[in-house]
Amino acid sequence: MIQVNNLSFIIDEKEVLKDVNLQIKEGKIFGIIGPNGVGKTTLLRCLSGIYKPTNGQVIYDGDSVYDNPTIKEKIGFVSDENIFFYSFKVNELLKYYKYSYENFDRDRFDELNEIFKIPLNKFIFQLSKGMKMRLSLMIAFSIKAKYLILDEPTSGLDAIIKNKLLKIFVDEVAKHNISIIISSHHLGELERICDEVAILDEGTVSYENSIDDMKKKIKKIQVAFDKPTYEEDLNLKGIVKISKIGRVFTIITDDFGEEFLEDLNRFNPLFIEEIDLSLEDIFIYKVDKEDNNEKIFK
């Protein structure tokens with residue numbers, strides 16, 4: 001388990017992260033999302049032990065990660081900017097990792113390369129951005145890490161490779177009980193594979209929940225009434241945003257369930273239509289304060 005306890009990070013007198021607390025369980029895929037510039041990459045670098053937090057700490061299985069080689073051997077970190085030894089050939093880079101990581105599995109790398117097809121005799125500087133990302137991911141899987149920390153791992157990849165990669169993520173977690181922490185702007189991809197998601201906003205965790213619980217509780221409802229009905233009439237628990245066009249109301253609720261439907265049915269609606277919200281919809285409602293000034297999460 002990874003525990004992030006009261007973590008803050010200050011750089012150039014700016015508090016990039018503010019009192020972040022997280023618990024990431026083994027055998028899960030955990031997504032970290034947020035607007036640009038809110039501290040996602042900084043948080044991942046603290047999780048990987050690259051940065052030392054100004055306050056608080058990151059604990060892996062009871063031990064702090066910073067300046068701890070034993071813990072770092074269990075971590076595979078893939079940055080969104082892949083900085084390799086550009087004068088190395090791919091084969092030479094693999095030898096470097098073989099010497100650096102006791103558990104590096106060249107057979108596993110070759111197996112993955114049947115899918116990702118990286119030319120082994122090319123120099124690193126000759127590879128495209130997408131090929132460098134593929135190489136980084138293959139190396140991360142080949143060191144047999146217990147924890148994978150991935151920053152924009154699908155950046156620069158085409159749709160076919162993305163689909164194969166997401167399947168590998170799910171398979172690795174199922175087969176080897178590893179934990180994967182992913183930061184990405186591709187929310188549709190995260191929705192497909194993540195067990196839990198945390199939204200980072202202005203350096204703090206503003207919301208955290210499992211994907212399943214999120215989608216069960218947060219819904220869009222469209223409802224129409226035969227009798228004249230006004231927004232102020234629908235003063236129901238859990239309504240966080242409401243609008244009306246003609247006789248049709250559109251309602252956002254963060255407390256959907258049988259009790260909510262019973263309360264709504266007391267107004268004798270002509271129909272009630274439940275609409276699932278995507279992770280992207282939920283993210284917009286949470287973060288876009290200009291268009292949605294009401295807080296829908298408590």
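Which residue of β9 stands opposite G31? In the predicted model analysed here, local features were accepted at pLDDT of at least 70 and side-chain atom pairs at pLDDT 80 or more, whereas totals for chains, interfaces and linings use all residues. Residues are numbered from 1 along each chain as its sequence is written, and side-chain values rest on heavy atoms, without hydrogens and water.

The residue opposite G31 is V197. Strands β3 (residues 29-33) and β9 (residues 196-201) are parallel and share four bridges; strands are DSSP runs of E with at least two residues, helices are runs of H or I with at least four, and both are numbered from the N terminus. Pairing requires at least two DSSP bridges between two strands. An open sheet of six strands follows the order β6-β7-β8-β3-β9-β10, with mixed pairing. Because β6 (75-78) and β10 (204-210) each have a single partner strand, one side of each lacks a neighbour in the sheet.

Strands β1 (residues 2-11) and β2 (residues 14-24) run antiparallel, joined by seven bridges, and F9 stands opposite L17 in β2. Two residues separate the strands of this hairpin, and D12 in the turn has a positive phi of about 50 degrees.

The largest nonpolar core (buried Ala, Val, Leu, Ile, Met, Phe, Trp, Tyr and Cys residues joined through side-chain atoms within 4.5 Å; buried means under 20% relative accessible area with a 1.4 Å probe, protein chains only) contains 54 residues, of which F169 and I180 touch the most other members. Helix α5 (residues 129-142) supplies the largest share, eight residues. A second, separate core of 26 residues includes V20, I32, V38 and I181.

Technical notes. Buried means under 20% relative accessible area, exposed over 50%, partly exposed in between (1.4 Å probe, protein chains only).
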